[in-house]
Each structure stands twice: as structure tokens, then as C-alpha cells.
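Ready for some practice in reading a protein model? Take a look at the picture and the sequence, then work through the exercises at your own pace.

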Amino acid sequence: ILESSYNPGLMSDKTKAEWDMLSAVLRDSLKMKMDMDTAQFRKTVIYYENKNSFEDKARAGLYYGRALAEAGDYKNAIQVYIAAVERAEIAQDYNLAGYISNFTARLYSKELESTLARDYYGKAAEYFAKAKNYRREVIALREIATTYLMEYDNQNALNTLARADSLSLQ
């Protein structure tokens, strides 16, 4: 329905940007791929950078980063995520900062950069703790343990899992 209703030639820049964000939010809530035109969504991000709150800027960066990652452009997706986390932090939306950090860590994991992945999973856990999203904090800790296992560091993996376990019991 979204694609069949989209006619960018008849829309103002504001309407296109809002349409793209609405489409991204809908795709996210339905667990769909961010199968979007990354060049068009870049224009949306630029529009939001000039017009909106830091939370909106961060959210636009999250969706743009996901679209880039799904297109296989991990390097640029990571750069977009890093900027988006800064905006989420300024907005004090720690839950959003946690999710963005988590997506960043996943890309580093895909690239087999276990140390960088662990750093970003650690940041995600910290943000989720600030947001009082303990479920996601536990999940981030589990992912940190996975990065230790990638390096055959069983002791640190076990220690991290024990920390996650004790947190999950609270």
C-alpha cells in the first residue's frame, strides 16, 4: 500500500520526508526489511537534520543506517549509526541510543570485529540500564559474552553471562 501511494513528484520536501519516516516506522513495527531507496532516504535524513528535534534526527539516522546495512553498505551504516547515537544521547533518549548501539555492534560482529562489537554492545547495555530497559540490557550482555566466545575467551564469556543472569533475576 505504501509503495502504491507514493508519488514523490507531487510531494513537497517536507511531505516526502514525513512519508519516508512513516514508511520506516511502519516497516520497523511490522518487522519488515528497510527495503528503501537509500538515496531518497538520505534526503529525508538531511531534511530532518535541518528541521527537527535531536530525537527525530536520531530516529532518521537509525532507519537510514538500517537501510544502508540491508543494502550491504556496512561502513556507511556504521558512520550513520555513530552520528545517530550522539543525537539520541543529546535528546536523552537512552533506549533509542541503546538500540542504535546494538545495531552498530551487530554490523561489527558481521565484519568479525569482536572487540569493536563488544564495545558497542557494552554501550548498548549502559544505555539500556539508563533507560531502565533491563530486558534489553540482559540481551546486550549476552551478546558481549558471544564476542568473547568468538575469541575463545570462555572465562570472560562465563563471567558476563553470570552478570546477565543475576540481572535477569531482579
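Here are three exercises, each with a worked solution.

This is a predicted model, in which local features need pLDDT of at least 70, side-chain atom pairs count only at pLDDT 80 or more, and totals for chains, interfaces and linings use all residues. Residues are numbered from 1 along each chain as its sequence is written, and side-chain values use heavy atoms, with hydrogens and water left out.

**Exercise 1.** Describe how helix α7 packs against helix α8.

Solution. Begin with the ranges: α7 covers residues 114-130 and α8 covers residues 134-150. Next, take the angle, about 165°, and the axes, 8 Å apart. That makes α7 roughly antiparallel to α8 (angles over 145 degrees count as roughly antiparallel). Finally, look at the contact (heavy atoms within 4.5 Å): among its residues are Tyr 121 and Phe 128 of α7 and Leu 141 and Ile 144 of α8. By class, this contact of α7 with α8 has twelve nonpolar, three polar and four charged residues.

**Exercise 2.** Now do the same for α6 and α7.

Solution. Their packing angle is about 165° and their axes lie 8 Å apart. The two helices are therefore roughly antiparallel to each other. Their contact includes Tyr 99 of α6 and Tyr 120 of α7. Its residues divide into twelve nonpolar, six polar and three charged.

**Exercise 3.** Is Gln 92 buried or exposed?

Solution. First locate Gln 92: the loop between α5 (74-90) and α6 (94-110) holds it. Then read its relative accessible area, 57%. Gln 92 is therefore exposed (over 50%, whereas buried means under 20%, with a 1.4 Å probe and protein chains only).

Definitions and conventions: Axes are lines fitted to C-alpha atoms, for helices over the stretch in contact, and angles run from 0 to 180 degrees between N-to-C directions. Helices (H or I, at least four residues) and strands (E, at least two) are DSSP runs, numbered from the N terminus. Angles under 35 degrees count as roughly parallel, over 145 as roughly antiparallel, 65 to 115 as roughly perpendicular and the rest as oblique. Ala, Val, Leu, Ile, Met, Phe, Trp, Tyr, Cys and Pro count as nonpolar, Asp, Glu, Lys and Arg as charged, and the others, Gly among them, as polar.
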